[in-house]
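Trainee: Could you take me through one part of this model closely, the last helix, and then show me how its surroundings are put together?

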Amino acid sequence: MPGSAAPPPVSGDRGQGHGSRSRPAPAAVLWDMDGTLVDSEKVWTVSLADTARALGGELSAAARTAIIGSNMARTLVLVFDDLGLPHDPARMAEAERMILRRTAELFREGLEWRPGAQEALRTVRAAGWPTALVTNTGRELTELALEGIGREHFDVSVCGDEVPRGKPDPDPYLRAASLLGVDAADCLAVEDSPTGALAAERAGAAVLVVPCEVPVPAGPSRVQRDTLVGLTAEGLRADYTRVRARNAA
């Protein structure tokens, strides 16, 4: 079961040897899901808009942007604040059920890959690096998404409802690193949003940012690419090395 236990050590390339393999390599690669691997942020846009209308209003573009990458608790606060509604626990719980129910319906219809994501997953697997899926999405929806993405790409997975605090807190990334038996500070996280990049950064990971819906600020622990298309193992090593060298300076 993904995320249930630490996997056995993976015998992969750790940057030893000569030539292109002389670069340091990450101890593991930690993948975000929504907006990074699959184009599911558009699905969340639909379910959030439908829920807002059921609550009697229309979700603003600014609120939708602020929600990208958020955990469910923060999402509900942002929705209710945007609609000018009081934080009534019962009504917020019902709104959560509506969001999850509608999102599950859309997930079952299938999710589109982000450009280059499927091949990037295969490239990392072929390089022998341990991998984790690290998402703010809850386990039930994540399992639906994994039917299309493929569980074979990940040694473990960590979902937003399995940690005390979701992104932008570091808990999901710290949990994933622990399950893999590595230090988060030795990992490379792949993210698309400011919220996710901040979570990985707070965990101590180097961050490869591939923006999707919104721009992501630059930072000393971050390197940006426009797309995952054409990502190679050597390119990923170079990204990781660049961040670590910058932080060591």
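Mentor: Happy to; we start with the helix, then go to the sheet, a loop and the two domains. Please keep in mind that this is a predicted model.

Helix α9 covers residues 233–248, which makes 16 residues. At 1.5 Å a residue the helix should span 22 Å, and its end C-alpha atoms are indeed 22 Å apart, so expectation and model agree. Which residues of α9 are buried? They are A233, G235, L236, R237, A238, D239, Y240, T241 and V243. With buried meaning under 20% relative accessible area, you can look for what covers them. The buried residues of α9 pack against one helix, α5 (117–127), and against the strands β1 (29–31), β4 (188–191), β5 (206–209) and β6 (222–224).

Those strands lead us to the sheet. It is an open sheet of six strands, paired in parallel, and its order reads β3-β2-β1-β4-β5-β6. At the edges stand β3 (156–158) and β6; each has a single partner strand, so one side of each is left without a neighbour in the sheet. From one strand to the next, the twist averages 25°. Helix α8, residues 194–202, also packs on the sheet, where it touches β4, β5 and β6. The direction of α8 makes about 160° with that of β5.

For a view of the pairing itself, go to β1, one of the strands that α9 packs against. Strand β1 pairs with β2 (residues 131–134) in the parallel sense, over three bridges. If you want a pair to select in your viewer, V29 has T131 in β2 as its bridge partner.

One backbone detail deserves a look as well. The peptide bond joining K167 and P168 is cis, with omega about 20°. P168 has its place in the loop between β3 and α7 (171–180).

Finally, let us step back to the whole chain. It is divided into domain 1, made of 28–40 + 112–248, and domain 2, made of 42–109. The C-alpha centres of the two domains lie 24 Å apart. Across the boundary, 15 residues of domain 1 are in contact with 14 residues of domain 2. The area buried between the domains is about 1300 Å², and carbon and sulfur atoms give 61% of that. On the domain 1 side, S40, L141 and L144 lose the most area to domain 2, together 39% of what that side buries.

Key:
Residues numbered from 1 in each chain as written. Predicted model: local features only at pLDDT ≥ 70, side-chain atom pairs only at ≥ 80, totals over all residues. Heavy atoms only, no water. Helix = DSSP H or I, 4+ residues; strand = E, 2+ residues; numbered from the N terminus. Expected span 1.5 Å × (residues − 1). Buried < 20%, exposed > 50% of the residue type's maximum accessible area, 1.4 Å probe, protein only. Contact = heavy atoms within 4.5 Å. Pairing = 2+ DSSP bridges. Axes fitted to C-alpha atoms, helices over the stretch in contact; angles between N-to-C directions. Domains from an automatic or database assignment. Buried area = accessible area lost by both parts, 1.4 Å probe.
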